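The exercises below concern helix packing, nonpolar cores and the surroundings of a single side chain. Please work through each task on the structure before reading its solution.

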Amino acid sequence: MVTLTVFMEDLHRLYGVILAKSILSAISILDDSKSIKQIADKKVLRYSLHMNFQFSTAPKIVFGPESASSIPEYAAAMGKNLCLVTGKSPQRIQWIIDALQRKIAALHIVPISGEPDTELIAAHAVEARAKGCDVVVAIGGGSVLDAGKAIAALIPNTRDVLDYLEVVGKGMPLTEKPLPLIAAPTTSGTGSEVTANAVLLSAEHKVKVSLRSTEMIPDMAVVDPLLTLSAPPAVTASTGLDALTQLMESFVSRFASPMTDALCREGLKHGAKSMLPAYKNGQNVEARTGMALASLFSGITLANAKLGAVHGFAAPLGGEFKAPHGAVCAALLPHVMEINIRALKERDPHNPALTAYDETAQILTADSTAKAADGIKWTKNICRKMSIPGLGDIGVTEQDFKSLAAKAARASSIKGNPIELTEAELLEILEMAL
């Protein structure tokens with residue numbers, strides 16, 4: 001009898017209360033079902049029984065230490081002329097380059113330094129198209145993966161890049177399927193290996209914008225935690241908090257679903273447990289594996305449940321101050337949590353996101369009695385332990401607040417925020433994060 005009850009608790013943890021209740025209704029052992037029903041009824045029914053949602057992710061995900069060694073074989077099966085997108089120092093993955101050269105007829109290497117901008121990516125796409133590239137492999141941090149996704153999309157789609165961009169462009173759909181793409185992250189943060197967009201800097205508009213299509217989800221994500229071992233502590237901190245931000249924002253999003261929630265719970269658990277150990281000892285393979293899993297899940301959830309105010313601010317901040325995306329998210333996260341929770345309590349006290357914030361706190365703190373305020377405290381504490389800088393350290397001043405708040409309110413990334421924030425609340429977040 002106890003075993004069945006534990007099973008239902010695990011079922012709820014992984015798949016949400018609706019599936020737990022659905023299975024409960026089919027159980028004929030009435031005495032047991034009473035205790036199981038009590039477990040399910042403790043949870044707030046978060047979704048309509050007539051819910052509608054879609055779910056997309058990479059067709060194939062290969063995860064685990066040493067999985068990167070499979071990239072050359074998979075790439076050779078997808079094409080003959082390969083465009084390899086890497087960080088600024090391709091020699092760091094020379095062993096993969098050597099293996100690719102043994103498998104591929106022609107190899108064109110595109111090193112990416114810093115945040116990819118629209119003009120640079122368009123130029124790389126033209127060059128790769130001229131060389132006849134028919135498959136793309138991207139190995140690097142989030143910026144590299146975004147560059148690879150954009151290049152794969154723009155090689156067969158030949159209009160001006162602005163025609164396809166959100167916010168600053170026409171937002172036209174891609175008319176041709178992107179080239180086959182394998183994405184392998186070397187940091188644990190963006191989850192770009194499984195997302196449907198590429199974030200690009202528009203220098204002209206001083207904002208980061210997305211080139212987006214579900215067709216841009218990589219054909220294969222290869223997540224090898226060993227590729228992340230060399231990430232320095234500061235990068236580990238900022239990218240790791242980006243992953244946690246994505247998981248939290250997806251979990252409280254107005255577009256959350258039972259499928260994304262299951263991944264958010266599991267991702268938050270691994271991220272909370274692994275973040276500090278990975279930061280303190282980059283060679284800790286177990287911690288790096290936990291963070292790689294959290295990052296992967298965060299990419300899947302953001303692609304399907306959208307994000308919130310942290311990422312709404314990240315777009316203009318990254319564009320105007322050229323700050324690393326993860327560092328911006330880390331600086332904003334606890335303050336957005338605090339303002340969101342206060343706004344929900346004041347204007348929408350029955351919003352299920354409040355329950356999700358409580359559950360987030362329970363996962364982060366490993367305390368089943370924790371409330372949302374405890375989650376804020378935990379987040380502020382880990383930011384302090386990892387020396388996360390404030391927005392003032394990247395050059396933001398109070399004179400920038402009005403413009404940043406206005407741009408954040410219009411950003412596509414803020415659409416999943418559980419409640420619409422006022423201008424005063426957006427300005428307060430910036431003040432707190434300064």
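**Exercise 1.** Determine whether leucine 421 is buried or exposed, and describe its surroundings.

Solution. Leucine 421 has a relative accessibility of 12% and therefore counts as buried, where buried means under 20% relative accessible area, exposed over 50% and partly exposed in between, with a 1.4 Å probe and protein chains only. The model is a predicted one, in which local features need pLDDT of at least 70 and side-chain atom pairs count only at pLDDT 80 or more, while totals for chains, interfaces and linings use all residues. Residues are numbered from 1 along each chain as its sequence is written, and side-chain values use heavy atoms, with hydrogens and water left out.

Next, locate the residue: leucine 421 sits in the loop between helix H16 (401-410) and helix H17 (423-433), helices being DSSP runs of H or I with at least four residues, numbered from the N terminus. Setting aside residues up to four places away in sequence, leucine 421 touches Ala309, Ile339, Asn340, Ala343, Arg347, Leu426 and Ile429, contact meaning heavy atoms within 4.5 Å. Asparagine 340 is 81 residues from leucine 421 in sequence, yet their C-alpha atoms are 7.6 Å apart in space.

**Exercise 2.** Characterise how helix H12 packs against helix H13.

Solution. Begin with the geometry: H12 (residues 309-321) and H13 (residues 325-347) pack at an angle of about 140 degrees, with axes 9 Å apart, where axes are lines fitted to C-alpha atoms over the stretch in contact and angles run from 0 to 180 degrees between N-to-C directions. H12 is therefore oblique to H13, because angles under 35 degrees count as roughly parallel, over 145 as roughly antiparallel, 65 to 115 as roughly perpendicular and the rest as oblique.

Then list the participants: H12 contributes Ala309, Val310, His311, Phe313, Ala314 and Leu317, and H13 contributes His325, Val328, Cys329, Leu332, Leu333 and Val336.

**Exercise 3.** Which residues touch the most other members of the largest nonpolar core?

Solution. Among the 75 residues of this core, the answer is Leu241, Leu317, Leu332 and Met386, a nonpolar core being a set of buried Ala, Val, Leu, Ile, Met, Phe, Trp, Tyr and Cys residues joined through side-chain atoms within 4.5 Å. H13 gives the most to the core, with twelve residues. Turning to one of these residues, leucine 332 is in contact with Val310, Phe313, Ala314, Leu317, Leu391, Ile429 and Ala433, leaving aside neighbours within four places in sequence.

Terms used: Helices (H or I, at least four residues) and strands (E, at least two) are DSSP runs, numbered from the N terminus.
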